[in-house]
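Good morning, colleagues. Thank you for making time for this item on the agenda. Please take a moment with the sequence and the coordinates before I begin.

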Amino acid sequence: MDLFGGTINTLQQSLNYASVKNQTISSNIANAETPDYKAKDVVFKDILNKELTSSITAKRTNSRHLPFENDVQSAYQVVTRNDTTYNHNGNNVDIDKEMSELAQNQIYYQSLVERLNGKFNSLQTVIKGGR
Amino acid sequence: MSIFNALNASSSALTAQRLRMDVISSNIANANTTRATVNENGEFEPYRRKMVEVAPSDNSFKSFLNKATNSSSNPATGVKVTGIVEDEEPFKLSYDPTHPDANEAGYVQLPNVDPLKEMVDLMSATRSYEANITALNASKSMLMKALEIGK
Amino acid sequence: MSIPISGLNNNVIGVTAKDKVITPGQAQSNFANALKNAINNVNELQNVSDQKTEALAKGEIDDLHDVMITAQKASITLQATVEIQSKVIDAYKEMMRMQV
């Protein structure tokens, strides 16, 4: 019996994405004046998958060796924008863009939580039978 | 790794900016100090401008290992001050034969502090501090909102 | 013109009644399995929620919303199962009240 269908799963994945994006934005803002720091961003993996070839798996002779983990569970990935430079010290953080993305992400996260609450509440209403 | 990664990154930046502000205040306060230190010859040297070196605070082995194995690493890197260094620019010379610290030619060595530059740096540190406060508040409100799931 | 009268034609097209009949024993075991699965599901969800809550207390969690969502799912599943149980009991009582 699967009470929690596609929408709740989508909301949960999106919350994961928004949380990681918030962390990358915080670290970009924190390092806005650090020399040679390149800004990070979070992208969805299906955009990347078109570019990437098939993944390589590690051949392990002992089960305690670390495998190459291709994190297929998550739909997003943190990437680093290496190709631009805005300042003379090698830093490429655009502070205005980061601030606006911070605001957008915050609103996005809160709206996702609101929707998730709505879904859970309607499930509870159904279960209680309207009492 | 915890739920407070973003908060930790922002707070590390707050600490770094505050330290930078302290250094700038020290520079401005000592902009005219001609007798800051005594060098090897027993003569007085003026105050040398200090600068702050910052670097991302993500250089632990664990973070490199996580990145290499592509497992979920902590995407929030903070910033830390790696050192306070002295500016190697030459001292400013000003002609004032009546000054107690004038050399034989009548020139006084003044600290290599440019107050205008320090003011601009101070404004930059302030803005950076405020931006990090905003980021910290955003992270905090997201966490508080997450606590309301299901209420 | 008279149409000869023939008996009823029992070869109806489609599924005959025989194919669709499940024995009461089968129905009971289907239902019992469904109930067992539901209770196992509830138990599992409660366990996962407990583990994540403990990890949160120890500071090992990455995402707070993950813990909250898991807890909420466990709670809703529990509520659903309890409701189903009470409905089943009501149905049983109703059945027992039937005059034979």
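I shall go through the chains, then their contacts, and finish with the core and one residue. Please bear in mind throughout that this is a predicted model.

Let me begin with chain B. Its secondary structure consists of three helices and six strands. Along the sequence these elements are arranged as α-β-β-β-α-β-β-β-α. Chain B has 151 residues, and 27% of them are buried. As for the contacts in chain B between residues at least 6 apart in sequence, 67% link residues at least 24 apart.

Two annotations from UniProt apply to this chain, both from an unreviewed entry. The record assigns residues 7–37 of chain B to "domain: Flagellar basal body rod protein N-terminal". In the model, that stretch of chain B is 74% helix and 3% strand, with 40 Å between its end C-alpha atoms. The record also lists "domain: Flagellar basal-body/hook protein C-terminal" for residues 105–148 of chain B. Here the span is 75% helix and 9% strand, and its end C-alpha atoms are 74 Å apart.

Chain C may be described more briefly. It contains three helices and zero strands, in the order α-α-α from the N terminus. Of its 100 residues, 15% count as buried.

I turn now to the contact between chains A and B. How many residues does each chain bring to it? Chain B contributes 32 residues and chain A contributes 31 residues. On the chain B side, helix H1 (5–29), strand E3 (50–56) and H3 each provide at least two residues. The largest share of that side, 11 residues, belongs to H3(B). By class, the side of chain B that touches chain A has 15 nonpolar, 15 polar and two charged residues.

Within this contact, please look at the two H1 helices. Helix H1 of chain A, residues 6–30, packs against H1(B) with the axes 9 Å apart and an angle of about 5°. H1(A) and H1(B) are therefore roughly parallel to each other. From H1(A), the residues involved are Asn22(A), Gln23(A), Ser26(A), Ser27(A) and Ala30(A). They meet Asn5(B), Ala6(B), Ala9(B), Ser10(B), Ser12(B) and Ala13(B) of H1(B). Sorted by class, this helix pair brings together four nonpolar, seven polar and no charged residues.

The next contact is that of chain B with chain C. It takes eight residues from chain B and nine residues from chain C. The chain B side comprises six nonpolar, two polar and no charged residues. Helix H3 of chain B, residues 115–147, and helix H3 of chain C, residues 64–97, have axes that come within 9 Å and cross at roughly 10°. That angle makes H3(B) roughly parallel to H3(C). Leu143(B), Ala146(B) and Leu147(B) of H3(B) meet Leu64(C), His65(C) and Met68(C) of H3(C). This helix contact has five nonpolar, one polar and no charged residues.

Which residues touch the most other members of the largest nonpolar core? In this core of 43 residues, they are Ala135(B) and Met68(C). H1 and helix H3 (95–128) of chain A, H1, E3 and H3 of chain B, and H3 of chain C each supply at least two residues of the core. The largest share, eight residues, comes from H3(C). Met68(C) also appears in the helix contact just described, where H3(B) meets H3(C). Leaving aside residues up to four places away in sequence, Ala135(B) touches Ile25(A), Ser26(A), Ile29(A), Leu102(A) and Ser10(B). Ser26(A) and Ser10(B) take part in the contact of H1(A) with H1(B) as well.

I close with a single position, Thr70(C), which lies in helix H3 of chain C. Is Thr70(C) buried or partly exposed? There are 19 other C-beta atoms within 10 Å of Thr70(C), while a buried residue needs 20 or more, so Thr70(C) counts as partly exposed. Apart from residues up to four places away in sequence, Thr70(C) touches Val48(C), Ser49(C) and Lys52(C). Asp50(C) lies 20 residues from Thr70(C) along the chain, and their C-alpha atoms are separated by 9.2 Å.

Thank you for your attention.

Conventions:
Residues are numbered from 1 along each chain as its sequence is written. Chains are lettered from A and ligands numbered from 1 in the order in which they are written. This is a predicted model: local features need pLDDT of at least 70, side-chain atom pairs count only at pLDDT 80 or more; totals for chains, interfaces and linings use all residues. Axes are lines fitted to C-alpha atoms, for helices over the stretch in contact, and angles run from 0 to 180 degrees between N-to-C directions. Helices (H or I, at least four residues) and strands (E, at least two) are DSSP runs, numbered from the N terminus. Angles under 35 degrees count as roughly parallel, over 145 as roughly antiparallel, 65 to 115 as roughly perpendicular and the rest as oblique. Two residues are in contact if their C-beta atoms, placed from the backbone, lie within 7 Å. Ala, Val, Leu, Ile, Met, Phe, Trp, Tyr, Cys and Pro count as nonpolar, Asp, Glu, Lys and Arg as charged, and the others, Gly among them, as polar. A residue is buried if 20 or more other C-beta atoms lie within 10 Å of its own, exposed if 12 or fewer, and partly exposed in between; C-beta atoms are placed from the backbone. UniProt positions are given in the numbering used here, feature names are shortened, and annotations may be inferred rather than shown by experiment. A nonpolar core is a set of buried Ala, Val, Leu, Ile, Met, Phe, Trp, Tyr and Cys residues joined through C-beta atoms within 7 Å.
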